[in-house]
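This report describes a protein chain from the whole fold down to single residues. Please keep the model in view while reading.

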Amino acid sequence: MAKDRDLSRTKPVNVADSKRGIPTRCPCGGRIIHEVRGKDDYDTLPGKRFFTCKNYEADGLHYRQPWVIGVEEHIERLTRHVEEVEVLIKFVPEVNYKIRRLEGEVQALTREVDSLTGHFITLCVRWRTWRSSAD
């Protein structure tokens, strides 16, 4: 187990391709914090937000993703999910119609089975009557 941990530290990880959307955990196991760049940091956009690994180092092994990119990817994924659900919702009336039709068929078949059961019992009674009179 300790050997596996040592190998995972030396194994290269491409963090940029490992996850899309809003990250929840870094590959290192660290939790993700919401970082807001301060005014004293050199940046043309002070106050820029990031999803950053708590253990972030600029070594390519930890997440530090601009907030806007993560949120955009998350919204795109949610939009695709909503579109898939809309397609399913369009089939609900058709499925309900088929269910009602099948329920009607089941009721008709149940009546037919009941009728055939009655005929069978009548035939059994007649056969016993005939058999007892033949003896």
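## Overall layout

What pattern does the protein chain follow when read along the sequence? The pattern is α-α-β-β-β-α-α. That gives four helices and three strands. The model is predicted.

The protein chain has 135 residues, and 13% of them are buried. Among contacts with a separation of 6 or more, 39% join residues 24 or more positions apart.

## The sheet

How are the three strands ordered in the sheet? They form an open sheet in the order β1-β2-β3, with antiparallel pairing. The edge strands are β1 (32–36) and β3, each of which pairs on one side only. Neighbouring strands are turned by 25 degrees against each other on average, direction ignored.

β1 and β2 run antiparallel and are joined by five bridges. Here V36 stands opposite R49 in β2. The β2 and β3 pairing, also antiparallel, has three bridges. On that side F51 stands opposite Q65 in β3.

β2 is mostly covered. Four of its five residues are buried.

## Helix α3 against the sheet

Helix α3 covers residues 67–90, a run of 24 residues. At 1.5 Å a residue it should span 34 Å. Its end C-alpha atoms are 35 Å apart, so the span agrees with the expected value.

Where does α3 lie relative to the strands? It lies across β1, β2 and β3 and runs at about 75 degrees to β3. The buried residues of α3 are G70, V71 and E73. Their cover includes β2 (49–53) and β3 (64–66).

## The nonpolar core

Which residues make up the largest nonpolar core? There are six: C26, I32, F51, C53, Y63 and V71. Several of these can be placed on elements already described. F51 and C53 fall within β2 (49–53). V71 is one of the buried residues of α3. I32 belongs to β1 (32–36).

What does I32 touch, leaving aside residues up to four places away in sequence? Its contacts are P23, T24, R25, C26, F51, T52, C53 and Y63. Core members C26, F51, C53 and Y63 are among these contacts of I32. F51 thus has two roles in this picture: it is a contact of I32, and it stands opposite Q65 in β3.

## The annotated segment

Which residues does UniProt list for "coiled-coil region"? The unreviewed entry gives residues 92–119. In the model, the chain over residues 92–119 is 100% helix and 0% strand. The end C-alpha atoms of this segment are 40 Å apart.

Notes. Residues numbered from 1 in each chain as written. Predicted model: local features only at pLDDT ≥ 70, side-chain atom pairs only at ≥ 80, totals over all residues. Heavy atoms only, no water. Core = buried A, V, L, I, M, F, W, Y, C linked by side-chain atoms within 4.5 Å. Buried < 20%, exposed > 50% of the residue type's maximum accessible area, 1.4 Å probe, protein only. Contact = heavy atoms within 4.5 Å. Helix = DSSP H or I, 4+ residues; strand = E, 2+ residues; numbered from the N terminus. Expected span 1.5 Å × (residues − 1). Pairing = 2+ DSSP bridges. Axes fitted to C-alpha atoms, helices over the stretch in contact; angles between N-to-C directions. UniProt positions renumbered as here; feature names shortened; annotations may be inferred.
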